[in-house]
Amino acid sequence: MKVQKQKYQEERSLFGLNNLIVEECLFQSEIGESPLKECNDVEVINSTFDIRYPLWHSNQVRVDHCTFSVNTRAPFWYNKNINFYNSKIDSPKALREVNTGL
C-alpha cells in the first residue's frame, strides 16, 4: 500500500499496516499520537512529523529524508530493524530499545 501527499492528524491513523510506503506526508496533531504503531515493512520518505510517538513497536522500517520536530516526543521506541537515512530528528527521548538490524 502506498500513501502519498496526505495529512494525518488522527490517533493511530495508519496503525498496524504492513507493506506500506509513506511518501511526502505530514503527521501533525497536538492531541493525536502513534500514527505508525505496530506496522511491518514500512518505508517513510520525505515526510514531516509533528505528532507524539509516531513509530512504536514496528518492524522493518526505513526512514529517509524525514523531519521529526521537537514536539515529536519519543518517536522510536521498541522497534526492530529500523534504519535512518538523511533525516533530522529534534525529538527528545528519541530512541528506546531499538535494533537497527545492521
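These are my notebook entries on the sheet, the nonpolar core and the salt bridges of a predicted model.

**Entry 1: the sheet**

I began with the strand order, and I found an open sheet of five strands that runs 1-3-5-8-11 with parallel pairing. I looked next for its borders, and these are strand 1 and strand 11 (80–85), each of which pairs on one side only. For the angle between neighbouring strands of this sheet I noted an average of 10°, with direction ignored.

I then went through several of the pairings one by one. Strand 3 and strand 5 run parallel and are joined by five bridges, and in this pair I found Val22 standing opposite Val44 of strand 5. Strand 5 in turn pairs with strand 8 in the parallel sense, over five bridges, and here I noted Val42 opposite Val61 in strand 8. Strand 8 and strand 11 also pair in the parallel sense over five bridges, with Arg62 opposite Asn83 in strand 11. As a reminder to myself, strands of a sheet pair through backbone hydrogen bonds, either parallel or antiparallel.

**Entry 2: the nonpolar core**

Which residues touch the most other members of the largest nonpolar core? I found that the core holds 21 residues, and that Leu14, Val22, Phe27 and Leu36 have this role. When I asked where the core residues come from, I saw that strand 3, strand 5 (40–45), strand 6 and strand 8 (59–64) each supply at least two of them.

I followed Val22 further, leaving aside residues up to four places away in sequence, and listed its contacts as Val3, Leu14, Phe27, Leu36, Glu43, Val44, Ile45 and Ser47. The list thus includes Val44, the residue I had already noted opposite Val22 in the sheet, and it also includes Leu14, Phe27 and Leu36, which I had written down with Val22 for their many contacts inside the core.

**Entry 3: the salt bridges**

How many salt bridges does a search of the whole structure find? I recorded six, and I looked at several of them in turn.

Lys2 and Glu23 meet through their side chains in a salt bridge, at 3.2 Å from N to O. This pair links distant parts of the chain, with Lys2 in strand 1 (residues 2–4) and Glu23 in strand 3 (residues 18–23), 21 residues apart. I checked whether the partners are buried or exposed, and Lys2 counts as partly exposed because its relative accessibility is 48%, whereas Glu23 counts as buried, at 16%.

Glu33 forms a salt bridge with Arg52, and I noted 3.3 Å between the closest N and O atoms. Glu33 lies in strand 4 (residues 26–33) and Arg52 in strand 6 (residues 48–52), so this salt bridge ties together parts that are 19 residues apart in sequence. For Arg52 I wrote down a relative accessible area of 26%, which means that it is partly exposed.

The side chains of Lys88 and Asp90 also meet in a salt bridge, at 3.7 Å from N to O. I found Lys88 partly exposed, with a relative accessible area of 49%, and Asp90 partly exposed as well, at 39%.

Which residues are joined into one network by salt bridges that share partners? I found Glu43, Arg62 and Asp64 in it. Two of these names I had met before, since Glu43 is listed among the contacts of Val22 and Arg62 stands opposite Asn83 in strand 11.

Technical notes
Residues are numbered from 1 along each chain as its sequence is written. This is a predicted model: local features need pLDDT of at least 70, side-chain atom pairs count only at pLDDT 80 or more; totals for chains, interfaces and linings use all residues. Side-chain values use heavy atoms; hydrogens and water are left out. A salt bridge is a side-chain nitrogen of Lys or Arg within 4 Å of a carboxyl oxygen of Asp or Glu. Helices (H or I, at least four residues) and strands (E, at least two) are DSSP runs, numbered from the N terminus. Buried means under 20% relative accessible area, exposed over 50%, partly exposed in between (1.4 Å probe, protein chains only). A nonpolar core is a set of buried Ala, Val, Leu, Ile, Met, Phe, Trp, Tyr and Cys residues joined through side-chain atoms within 4.5 Å. Contact means heavy atoms within 4.5 Å. Two strands pair if DSSP finds at least two bridges between them. Axes are lines fitted to C-alpha atoms, for helices over the stretch in contact, and angles run from 0 to 180 degrees between N-to-C directions.
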